[in-house]
Amino acid sequence: MSKGLEYNMEIKIKVVPKKKIRNDSVGDYKKGKKGLEILVAKVGDKVFQKGVAIHELVESLLVKQRKIPFSKIDKWDKEHLDVNKEPGEIQGSPYFKEHAIANKTENILVKELKKKKNGKR
């Protein structure tokens with residue numbers, strides 16, 4: 001599924017009810033009609049939702065760059081839904097490194113967004 005995603009693509013981020021997310025998570029990405037579509041579960045915490053959106057964006061760009069097919073990720077996720085971890089956090093995941101980098105990026109953004117105007121919490 002990653003075939004066709006390019007740097008001049010359209011990136012659409014939608015906040016949707018959690019039941020519209022394909023997996024048992026709060027974020028998802030997939031190839032849309034014109035580019036990348038990112039879905040973020042509406043959970044009421046807008047800072048958290050922004051973090052999830054950036055996580056999905058970073059992860060999807062990394063897997064595209066490293067030529068990991070979205071279909072391989074989808075298959076892995078479906079086979080590992082009953083585990084206590086997110087599928088990307090399981091050793092052997094085809095996108096383990098990319099997921100870890102996306103987690104770090106998400107955490108940095110959320111921490112910064114929670115700071116007050118003067119840079120302090």
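Two strands are taken to pair where DSSP finds at least two bridges between them. In the predicted model described here, this criterion places strand β3 (residues 35-41) in pairings with both β1 and β2. Strand β2 (residues 27-31) runs antiparallel to β3, and five bridges join the two. Within this pairing, G27 is found opposite V40 of β3. Three residues separate β2 from β3, and the two strands form a hairpin. Strand β1 (residues 10-16), by contrast, pairs with β3 in the parallel sense, over seven bridges. Here E10 stands opposite G35 of β3. Seven of the seven residues of β3 are buried, so this strand is largely enclosed by the rest of the structure.

Helix α2 (residues 70-79) has two sides that differ in exposure. The buried residues in α2 are F70, I73, D74, W76 and D77. Because these residues span an arc of only 165 degrees around the axis, they fall on the same side of α2. Such a pattern relates to helix geometry: an α-helix has 3.6 residues a turn, so residues three or four places apart point the same way. On the other side of α2, K75 and K78 are exposed. The packing partners of the buried residues of α2 are β2, β3 and α1 (46-65).

A search of the whole structure for aromatic pairs returned one. This pair consists of Y29 and F70 in an edge-to-face arrangement, with 5.1 Å from centre to centre and 70 degrees between the planes. Since Y29 belongs to strand β2 and F70 to helix α2, the pair ties together parts that are 41 residues apart in sequence. Both partners are withdrawn from the surface by the criterion of under 20% relative accessible area: Y29 is buried at a relative accessible area of 5%, and F70 is buried at 2%. F70 is also one of the buried residues of α2, which as a group pack against β2 among other elements.

A buried charged residue is found in helix α3 (residues 96-113), where E106 is located. E106 is buried yet has no salt bridge. The nearest side chain of opposite charge is that of K114, 9.6 Å away, whereas a salt bridge requires a side-chain nitrogen of Lys or Arg within 4 Å of a carboxyl oxygen. With residues up to four places away in sequence not counted, the contacts of E106 are with F48, G51, V52 and H55.

Notes. Residues are numbered from 1 along each chain as its sequence is written. This is a predicted model: local features need pLDDT of at least 70, side-chain atom pairs count only at pLDDT 80 or more; totals for chains, interfaces and linings use all residues. Side-chain values use heavy atoms; hydrogens and water are left out. Rings of Phe, Tyr and Trp (its six-membered ring) pair if their centres lie within 6.5 Å; planes under 30 degrees apart count as stacked, over 60 as edge-to-face and the rest as tilted. Helices (H or I, at least four residues) and strands (E, at least two) are DSSP runs, numbered from the N terminus. Buried means under 20% relative accessible area, exposed over 50%, partly exposed in between (1.4 Å probe, protein chains only). The arc is that of the directions from the helix axis to the C-beta atoms. Contact means heavy atoms within 4.5 Å. Lys and Arg count as positive and Asp and Glu as negative; His and the chain ends are not counted.
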